[in-house]
Amino acid sequence: MPELDSTTAHDFTPTRTRHRRHHHRRFRTLRRLTRPIRKLNWRAVFAVVLTLVVVLVMSGLVLASNARNGVNDSWSSLKRILNTVNTTPGTELTLADFERLHLGVNDLSSSLASARHQTFFLRPLTPLSADLRATMDSLDIAQELALAADDVLTGMQPTLFFLTQGEEDETVAAQLSSGDRLVELLTLGRGQFLSAQSHLARVQQHLDGLNLDNLSPDMLLTVDSLRRQYDYLQQINDTLLDAPDLLTLALGTEETQTYLVLSQNSDEIRPSGGYISTYGWMTVRNGRVANYNYSATTTTSPNPPLASMGSDIAVPDWWLRYGEPIYAAWDGSWYADFPSTAAMAAWYYDNGHNPESPVDGVLGIDIVGFEYLLEGLGSVTVPEYHETVTPDTFRDAVYRIRAEGSADREHKQFVAALYHQIISDWQNATQEQTQALRGAILRALQEKHIMLYFKDEDLNRAASLLGWNGEQDTATDHDYLMVADANLGSKSSRSVMRQITYDVQLQPDGSVQGRASIAYDFSARVADQDPAVRPAHYGSDINYNNLFQVFVPAQSVLTGTNNLDPDPTIVSTDTHVLFTSLVRIEYNQNERYQLSYTTPVLVETMGPYRRYRLLLQKQPGTIGELANVQVTLPPGAEMISATPAPAASYQLDQSVLEFRVELLTDQWIEVIYSQP
């Protein structure tokens with residue numbers, strides 16, 4: 001180390017001292033600056049930070065809520081489109097209706113994508129709020145559902161175009177292979193249906209991972225709605241994936257199928273449609289009718305099974321008595337469930353070893369169904385009777401020939417010839433007629449004027465999902481009402497107006513006090529214009545003798561009746577309770593019958609909310625009738641939502657909701673309410 005001279009040493013000491021003093025001054029300054037921090041209340045800091053987090057979460061919830069409101073607007077618009085499609089008769093549906101539906105789904109998907117983008121930054125905060133977490137999950141689920149629905153509609157588009165518009169080069173030759181064409185078009189859409197299946201699988205994963213603890217009531221309702229939409233869309237997509245195979249079977253694309261045709265005279269109404277006055281059979285090959293025949297119903301036509309087999313038919317004690325019980329299996333069905341009636345008729349036909357038996361399924365069609373077909377064709381000429389029939393003259397012609405015909409059952413022979421000609425003309429229809437017929441068939445299926453039953457269970461499930469099999473729904477976990485008439489001996493059913501009024505008192509425990517009122521009006525003003533109400537058709541008794549059935553939820557208990565003497569017979573099953581009674585409505589008179597009963601607990605609990613559901617089922621064969629439903633909520637309860645919207649609501653001692661529906665098809669009513 002070099003030596004320092006005196007000058008250097010002299011200069012060094014003061015410099016080091018100045019540096020040390022400067023360091024002490026900086027340390028003292030730092031201590032003065034940090035002293036307030038050391039004295040700071042860290043609990044206050046934590047409170048401030050927590051407040052900021054809460055504010056951020058609440059702001060996120062508001063933003064999420066705003067995003068959800070936008071989604072709800074799109075969903076409401078889509079529901080309006082769906083309701084329009086569901087309530088439009090098949091004869092009036094066009095491809096534009098389905099395009100609007102598709103656009104509505106796309107709009108919903110765009111709203112969901114926008115909402116997810118707006119709220120993306122909130123996802124790290126989801127552990128701090130159950131509602132925020134559920135909102136984010138719900139947006140993800142809804143997006144996947146919308147994408148799945150878009151795939152389903154895209155996959156169906158070629159088929160829908162074919163069914164609603166036809167093809168430009170469609171000729172008779174093309175019509176003959178329409179079954180093959182449907183299979184091809186649905187197979188073409190299979191890729192889209194598989195894509196929808198992937199989206200639905202992700203929905204299932206999201207739903208399985210949802211934590212419903214500590215959710216607000218509104219979020220519980222949202223999640224429940226998403227689950228139900230998922231279940232329905234999953235069923236639809238599964239059916240579409242199977243549709244090519246199902247149609248290949250049903251339309252005889254690979255193997256000829258044989259169907260029994262039950263022509264139900266709905267002027268003489270029966271619980272599942274009408275008295276079987278004529279019947280036929282047809283073989284279907286490659287989507288077209290290959291062969292067919294029609295006949296009048298008699299004691300020997302169709303050929304009955306052995307009389308000894310009548311012991312296999314369990315006719316209820318309250319139903320009609322037959323000298324030969326075996327005939328109850330053919331023209332005396334007590335079932336309000338068409339598949340049960342159809343299965344019994346197929347058993348009768350097959351065991352009588354009739355032509356083309358055993359059959360693969362049953363098609364039921366009533367008078368209104370044939371009128372719809374005539375609308376599609378315009379008119380039909382029956383050569384052997386020199387008679388041209390239109391929808392407006394159909395019933396007049398039948399009953400005129402019935403009254404004037406010289407031969408026994410000549411009107412049935414005429415009807416059989418007419419139905420035979422309808423099928424023949426159907427096979428040779430023009431493109432315009434074919435399109436009209438497709439719409440007419442869809443409308444008849446929607447309104448239960450045509451119903452389908454298959455021995456193949458997969459086909460039956462598909463028909464049930466579409467609502468085309470006239471199936472009676474079970475009534476074990478929701479409220480339920482179905483009224484089914486059996487007109488005994490006359491043809492006046494179209495002239496007897498029936499109206500249903502159902503008063504519902506919801507109890508705090510979730511049970512229901514129900515009162516069903518069924519009013520009948522046999523007006524001379526209407527009957528005098530009805531060709532079926534003539535002395536030749538009712539014999540000596542013009543009055544309406546009716547064995548009616550009222551179906552209510554299983555385990556219900558009758559508490560009172562009005563204008564029923566004696567009290568109705570009560571039949572309890574696992575799926576329903578049936579009240580049945582023989583009543584009589586005099587010509588040009590009206591009657592009103594009333595049944596009061598209590599049900600088991602049917603209202604569902606959803607957190608602090610309650611959900612009441614009612615299914616009003618239409619009797620097959622009936623023309624749309626009015627139903628008024630009045631729902632009284634428990635004391636202190638308030639309505640949250642209702643579908644459809646009530647026609648009126650009142651706040652008396654308790655909240656009362658009024659619904660008015662026309663039973664062209666089955667109708668659901670749902671009320672969600674809060675209860676103290």
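**Buried D267 and its salt bridge to R494.** With a relative accessible area of 1%, D267 is buried, whereas R494 is partly exposed at 24%. Here "buried" means under 20% relative accessible area, "exposed" means over 50%, and "partly exposed" covers what is in between, using a 1.4 Å probe and protein chains only. The two side chains meet in a salt bridge, 3.9 Å from N to O. The partners sit in distant parts of the chain, 227 residues apart: D267 is in the loop between β1 and β2 (275–285), and R494 is in the loop between β8 and β9 (496–506). A salt bridge is a side-chain nitrogen of Lys or Arg within 4 Å of a carboxyl oxygen of Asp or Glu. Helices (DSSP H or I runs of at least four residues) and strands (E runs of at least two) are numbered from the N terminus. This is a predicted model, so to speak a pLDDT-filtered one: local features need pLDDT of at least 70, side-chain atom pairs count only at pLDDT 80 or more, and totals for chains, interfaces and linings use all residues. Residues are numbered from 1 along each chain as its sequence is written, and side-chain values use heavy atoms, with hydrogens and water left out.

**R202 and E144 bridge two helices.** The side chains of R202 and E144 come together in a salt bridge at 3.3 Å, N to O. R202 belongs to helix α7 (residues 190–209) and E144 to helix α4 (residues 130–164), so this pair ties together parts that are 58 residues apart in sequence. E144 counts as buried at 14% relative accessibility, while R202, at 35%, counts as partly exposed. The structure holds 23 salt bridges.

**D541 meets R584, and a salt-bridge network turns up elsewhere in the list of pairs.** D541 and R584 pair through their side chains in a salt bridge of 3.2 Å, N to O. Once again distant parts of the chain are linked: D541 is in the loop between α17 (535–538) and β11 (544–553), R584 is in strand β14, and 43 residues separate them. Both ends are partly exposed, D541 at 23% relative accessibility and R584 at 36%. Salt bridges with shared partners also join D224, R228, E604, R611, R613 and E670 into one network.

**Helix α11 is mostly covered.** Ten of the eleven residues in α11 (residues 367–377) are buried. Among them are I367, V368, F370, Y372 and L373, and also the acidic E371. At the start of α11, a side-chain oxygen of D366 comes to within 3.1 Å of the backbone nitrogen of V368. Just past the helix, G378 has a positive phi of about 95°.

**H478 is tucked into a loop with polar company.** H478 is in the loop between α15 (457–466) and β8 (479–484), and at a relative accessible area of 3% the residue is buried. Its side chain makes a polar contact with the side chain of D473 at 3.2 Å. A polar atom of the H478 side chain also lies 3.2 Å from the backbone oxygen of T474. A polar contact is a pair of N or O atoms within 3.5 Å; within protein, one must be able to donate a hydrogen and the other to accept it, and residues adjacent in sequence count only if both atoms are side-chain atoms.

**A patch of negative charge on the surface.** D238, D242, D245, E254 and E255 gather here. Patch members have over 30% relative accessible area and no salt bridge, with like charges joined within 9 Å (for nonpolar side chains, Val, Leu, Ile, Met, Phe, Trp and Tyr, the limit is 5 Å). E255 is in the loop between α8 (217–250) and β1 (257–265), and is exposed at 58% relative accessible area.

**Backbone oddities at H353, P358, P566 and N588.** Most residues other than glycine have a negative phi, and most peptide bonds are trans. The loop between α10 (338–351) and β4 (361–366) holds P358, whose peptide bond from S357 is cis with omega near 0°. H353 is in the loop between α10 and β4 too; this non-glycine residue has a positive phi of about 55° and is exposed at 69%. Another cis bond joins D565 and P566, with omega about 5°, and P566 is in the loop between β12 (557–562) and β13 (569–572). N588, in the loop between β14 (576–585) and β15 (590–598), has a positive phi near 65° and is partly exposed at 44%.

Definitions and conventions
Areas by Shrake-Rupley, 256 points an atom, 1.4 Å probe, with all protein chains shown as cover. Charge placed at Lys NZ, Arg CZ, Asp CG, Glu CD.
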